[in-house]
Structure formats: C-alpha cells, structure tokens
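Grab a coffee and open the viewer. Here are a few short exercises, each with a worked solution to check yourself against.

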Amino acid sequence: MMLSEASITLMKEMTARYPEKRSGILPALTIAYEEVGHVNPDIYREIAAAIDVPMVEVAEAATFYTMFPKEPVGTYLIQVCHNISCALMGADSLVEYLEEKLGIKKGDTTPDNLFTLISVECLGSCSTAPMMQINQDFYENLTRAKVDQILEDLREKAKAQA
Amino acid sequence: MSFYSPVRTNAQEVAASDRLHLFKYVEDPEQHTVATYEAHGGYVAWKKALTTMQPEEVALEVKTAGLRGRGGAGFPTGMKWGFIPKGSPKPKYLVCNADESEPGTCKDRVIMERDPHAMIEGMAIGAFAIGCHLMFVYIRGEFGEPIRSVRRAVKEAYERGHLGKNIYGSGYDLDMIVHTGGGAYICGEETALLNSLEGKRGQSRIRPPFPAIEGLYASPTIVNNVETLATVPHIINRGAEWYKSLGKEKSPGSKIFSLSGHVKQPGNYELELGHSLKDFIYNPKYGGGILGDKALKGVIPGGSSTPFLTPDMIEVGLDYESLTEVGSMLGSGAVIVFNEDTCIVWALLKLIHFYRHESCGKCTPCREGTGWLEQLIRAIEQGRGRPGDVEKIESVCGNILGRTICPLGDAAVMPIQSSIRLWRDEWQYHIDHGKCMVKTHFEFK
Ligand SMILES: Cc1cc2nc3c(=O)[nH]c(=O)nc-3n(C[C@H](O)[C@H](O)[C@H](O)COP(=O)(O)O)c2cc1C
Ligand code: SF4
Ligand code: FES
C-alpha cells in the first residue's frame, strides 16, 4: 500500500460529495500526488478500490493530466514557466542559471534526490515574471539573488526534516 | 515566506473612483476573510437577490447591464443564463471557470487569493438565477495559494450561513464544491472542463448540445469565468443602469487587464472598457512605458490566442468592438508587450509549442497541424529554414482555421497568421540568413 489511511478516508469523503463517483478521480489523484509525490498503476489500483470506480478510468484520467508525475521526482520539484510572458523576462536564462546552480540539466534530478528541474507551460503569473513553482508554491519576480536564497532555504529545510 | 502573489494593482485608483469597483479592496490584507468582506458590504447583493428578487429578475438585471463574459469569448452573461430550459426536471449546475491558463492571463488568480468571497457571492447569485443547488468552481491544480484561499473562504461562507441549507431563512439550499484540475490548458474550454469535472480526460465535446441544455452529468449547466461572476454582486447592488454607464455602449463596465512582457510596471489593472491601449502601456499609473526605454515592437492585446498589433495600431480602445475592428480581439484582456529586441520567430516558437503541447488530440487538424507548425517554426528559428517555409506555414494554418471542434485550433493559428502578415520580411530574413534580424536574448536580473 502506498497511500495512508488518512488519504483513503479523504478520497472517500471528497467523492461522496459529487453526484457521480467518477468525479472523485481527479481529487483522489491530487491527494495521492500530494502524499507520494507521483502516481503509478499501483496507485491507480488503490484509488479505484477506495472510491469504487474501474481502475481503467483512473488510469485514463491520470495519463491525460501532466500535473501528476508518473515517476518519482526529487523532494522539491522545480517547474520553471517557459511561456511567452516569462520568456520575455528571461525565463530561458533562469533555466540555465538553475542548471548551473544545481549541476544538472533540465529534466534531471540532483544525485542527492533533493531537486528535480523541469520547465512547464504558463502558470498564471505572467505579470510577475519570471517565475517558478516548487511543489505547491509559486515564487515570482525572480532574480538571481532570490533564486540563491530559495535554494538555500530549501536545503536547510530538508536538512532540518532529515 | 508568503506565496500570495506580489502582483502590482491599481487598487488605490479604484478605491478613489465610484466607477471602478472590482479591485477596490484588493490590497487590503484582510479582504479574503468573510468578516472583512462583510464589513465592506459583501453578501448584501446575495441577500437582496435571494430574499427580494425572483430568479428571472436577477437574470434580467444582468442582461440589461450588458455584462459580457470575461473568460475570452465575451458572450452576454444574462442571455446565457436565459438558455437554461424552463421547467426541466433535471438538476441545474453552475460552474465557475477558474482554470486560468492562457499565456499572459493572471487576473482570476488575484481575485481568488485576495477577494475570494466576491467570486463565491457572484456564483451564488448566478446559481439562484438559474435554479441551481450545487455549484462548482474548477480551479487549475497548480494554483496552490488560490485553492487554499478559496477553500478557506467557502468554509467561512458556510459558517456564516451564506451557503448551505435554508440560506437567510429563504428555504433555498445551495452547496459548493471546490474542484481542482490536473494541469491542462484545454480544461479552460468549457466542454473539456465539464468532461474533466466528470473525471474524464479533458477533451472538448462536439456542440450541440450546448452545456445550457446538456452540460455536467448531461444536465443544464452554465459555465462562467471568475471575473464575470465577481462582477455580478456589483450589478445587483448598484443596478443595471449604473453598470451600463461605465465603459462603452456595446462593451459596458470595467475589466481587469493583466499587463506583462516588456513594460516597466507589469501588473493587474482594472480599467473601464474602451481605455486606450497606448495609455495603458505608457501611463505611469499603469505600465509606465517600455522596459529599458526601448522602442515598442508589437502587442498582443487579449491573451496569447489573439492577433498581434503594431505600434501604429495602439491608439485603439480596449473593448470588444474596437479590437475586433483592428483585426484582433479583447479575449481574456491579457496585454503582452514586446520590445524591439524580440525576434518574432522566437516568440512564435514559444507560442506554438504551447498550443501543440496543450492540444487535446481529439481532432486531426489541430493535433497534427500544431505539430507540423512547431516543427516548421523550430527549424526556421534554429537556422534550418528552407525557401517556401513561410508559405507552407500559411497553408497549414489555413487547414486548421475553422476546421476544429473547439477554438483551440484557431487560437494556435491566429497569432502566427498575424505575425506573418505584420512581419513577413522578418520571417523571410530568418530563412534566408539562418538567424534573427534582431538579437533576442533576455536575461533575468
Ligand atoms: C482553449 C480554451 C481555453 C479557455 N480557457 C479559459 C479559462 O482558462 N478561463 C475561462 O474563464 N474561460 C476559458 N475559455 C473560455 C470558456 O470556454 C468559456 O467561454 C468561458 O469560461 C465562459 O465564461 P464567460 O462567459 O463568463 O466568459 C477557454 C476557451 C478555450 C477555447
Ligand atoms: S481543436 Fe484541438 S484542443 Fe480543440 S478539440 Fe480539436 S484537438 Fe482538441
Ligand atoms: S507566461 Fe509564465 S506564468 Fe504566464
């Protein structure tokens, strides 16, 4: 089992609010992703059992939505917006800077498994560009100094939690 | 660390105006709480609608006000509500579209973070107007802070009796579900959104039937944008005649414009419809001019799906008719500014990559066409363009336009076509010389 009792209970509660059970799939995937950090067929099976829908329906939905990584990622998933408003404000150079700071290429995870770096489509922060999302949080109006600070804070946080 | 958007607004100007209204309290750090929202006159419109008006009167007021949808298509809101079949035994649903993913657009997020009750109150009024007892807001899944803020607000609205059973003793019950998405632009298209809300892949549906007849769970459904709904309480409070006196005759009211790209002061600004685009970009109250005092190259006035304008066209008013007259669209009201250093081929590669990635794949012209376009434009951008490529791009565009199930296909094509019309020499130069006419290299600070 990859999902906790608490997550399963929450999935059931959420699903019960909708007129049809199938609507509980996306909320359930979100809960699973927030707990595990990614989703996979074992998780689809657990969700299907929890909210009583066919597993194929869970898999069908999961594979459509890009927000749920299908493989494990680092503790912190860094997603840089590479779309037009951010690109005009230097998003490409932000990605390069992160690659250099983290010593990895876009798409990769650091050897200590702390950071995964990817670039994504517009995140609705176009007037505070350039920006990135790390796990559930947005970091906007980024500068080199801010990026340095954010990475340092996250390293500290990870150390404190270890 | 706060994850509340630091975006700049014109809240001060709005507070001093008796015409602008949406952003009045948006800089008040307590506005997101129900107590402050109520202290600022919140939920008065909902109570007025529910306890003193008939549903038809509510819809009529909004129709008379001339409010048009702020999600992109500009469809008259009151008229849309009127499409719900009378006397249908099926449940009716209201869905608030908070998928906000069109590049350049970042306004609904600010309403949800800073003034979430405005959206909830507008939704409640809309729900009452169409006879709905269960309403949904579909928020894009990446929006961590807006989701947290709306969830808190919904909980508070229940606690204060603005939602739930027998609201204000009227006998009317209304529930609300906060639903979060999975990262797909297409889920902002209303029929794809409904599929997604049903737990399916977010692919568009063929119309008819329209959602007002057969929408969510095959029941009559109205989908409205966050900003559209957040406007409704103001119309109920102050009346259709007041609302009609703002903006322009065919584009009444005010709207939030997201300003991004090469301006000194990007941000979200509430303006009356019809405000000059040029003033918006250069006025120190808003954009404050072009970043680095460079020359302006072009503007996308209504989100990444709308055609470009050149500097000689920016005297235009920001409203539905004026922008259509100059060959573009108001869309979501997201103004993206490009300075003289922007290579147009580079910019279009960013855009077409987006549409190719976000195509839901249901119809061939869009699924295949956006892929070809990205390949062709990438080749040109990387200096591998061949004679005839511009014509090839135009031909692929022509085979997509008007031949798809939903407007995403057209949205992908329109900025490309307009950029070729306006900067054909630059496209050609890129092919002939294997490089940009201008140097595009934007460094972040
Ligand atoms: C590809 C695509 C994406 C869209 N994205 C959004 C969106 O993020 N938010 C939104 O309100 N409308 C979006 N729309 C428009 C909706 O389909 C619909 O017209 C709108 O939500 C209706 O609300 P309104 O009448 O209040 O504007 C999109 C349309 C298309 C074709
Ligand atoms: S136009 Fe594109 S996004 Fe719309 S239905 Fe067709 S394939 Fe899907
Ligand atoms: S373009 Fe980057 S957040 Fe919109």
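**Exercise 1. The ligand site**

How many residues surround ligand 1, and which are the closest?

*Solution.* Keep in mind from the start that this is a predicted model.

Step 1: Pick the residues with a heavy atom within 4 Å of the ligand. You should end up with 18 residues around ligand 1. The closest are Gly71(B), Asn97(B), Asn224(B), Asn225(B) and Thr228(B).

Step 2: Now look for polar backbone atoms facing the ligand. Glu190(B) has one at 3.0 Å from an oxygen atom of ligand 1. Gly188(B) puts a polar backbone atom 3.2 Å from a nitrogen atom of the ligand. For Arg70(B), a backbone N or O atom sits 3.3 Å from a ligand oxygen.

Step 3: Check the cover. On its own, ligand 1 has 610 Å² of accessible area, and the protein covers 90% of that.

**Exercise 2. Sizing up the interface**

Work out how much area chain A and chain B bury between them, and which residues touch.

*Solution.* Step 1: Start with the area. The size of an interface is often given as the accessible area lost when the parts come together. Here, the two chains bury about 4,800 Å² between them, with 59% of it on carbon and sulfur atoms.

Step 2: Ask who gives the most on the chain A side. Phe64(A), Leu88(A) and Ser127(A) supply 15% of the area that chain A buries against chain B, more than any other three residues.

Step 3: Count the residues in contact. Chain A brings 51 residues and chain B brings 69 residues.

Step 4: Turn to the polar side of things. There are 29 residue pairs in polar contact across the interface, both partners being at pLDDT 80 or more. On chain A, the elements giving two or more residues to this side are α1, α2, α4, α5, α6, β4 and α7. Sorted by class, the chain A side has 25 nonpolar, 17 polar and nine charged residues.

**Exercise 3. Salt bridges**

Find a salt bridge that joins chain A to chain B, then one within chain A.

*Solution.* Step 1: Recall the principle. Side chains of opposite charge can pair when their charged atoms come close.

Step 2: Search between the chains. The count there is four salt bridges. In one of these pairs, Lys350(B) meets Asp92(A), with the closest N and O atoms 3.0 Å apart.

Step 3: Widen the search. Over all chains, the whole structure has 41 salt bridges. Among them is the pair Lys101(A) and Asp148(A), at 3.1 Å from N to O. This pair links distant parts of the chain: Lys101(A) belongs to helix α6 and Asp148(A) to helix α7, 47 residues apart.

**Exercise 4. Fold and odd backbone spots**

Write out the order of elements in chain A, then track down the unusual backbone geometry.

*Solution.* Step 1: Tally chain A, and you get seven helices and four strands. From the N terminus on, the order reads α-α-α-α-β-α-α-β-β-β-α. Its C-alpha atoms fill a box of roughly 50 × 35 × 25 Å along the principal axes.

Step 2: Set your expectation. Most residues other than glycine have a negative phi, and most peptide bonds are trans.

Step 3: Look for exceptions. Asn113(A) has a positive phi near 65°, and it lies in the loop between α6 and β2 of chain A.

Step 4: Move to chain B. The bond from Arg207(B) to Pro208(B) is cis, with omega near -10°. The bond from Pro208(B) to Pro209(B) is cis too, with omega near 0°. Where do these prolines sit? Pro208(B) is in the loop between α9 and β4 of chain B, and Pro209(B) is in the loop between α9 and β4 as well.

Methods: Residues are numbered from 1 along each chain as its sequence is written. Chains are lettered from A and ligands numbered from 1 in the order in which they are written. This is a predicted model: local features need pLDDT of at least 70, side-chain atom pairs count only at pLDDT 80 or more; totals for chains, interfaces and linings use all residues. Side-chain values use heavy atoms; hydrogens and water are left out. Contact means heavy atoms within 4.5 Å. Buried area is the accessible area (1.4 Å probe) that two parts lose on being put together, summed over both. A salt bridge is a side-chain nitrogen of Lys or Arg within 4 Å of a carboxyl oxygen of Asp or Glu. A polar contact is a pair of N or O atoms within 3.5 Å; within protein, one must be able to donate a hydrogen and the other to accept it, and residues adjacent in sequence count only if both atoms are side-chain atoms. Ala, Val, Leu, Ile, Met, Phe, Trp, Tyr, Cys and Pro count as nonpolar, Asp, Glu, Lys and Arg as charged, and the others, Gly among them, as polar. Accessible areas come from the Shrake-Rupley method with a 1.4 Å probe; for residues, only the protein chains shown count as cover.
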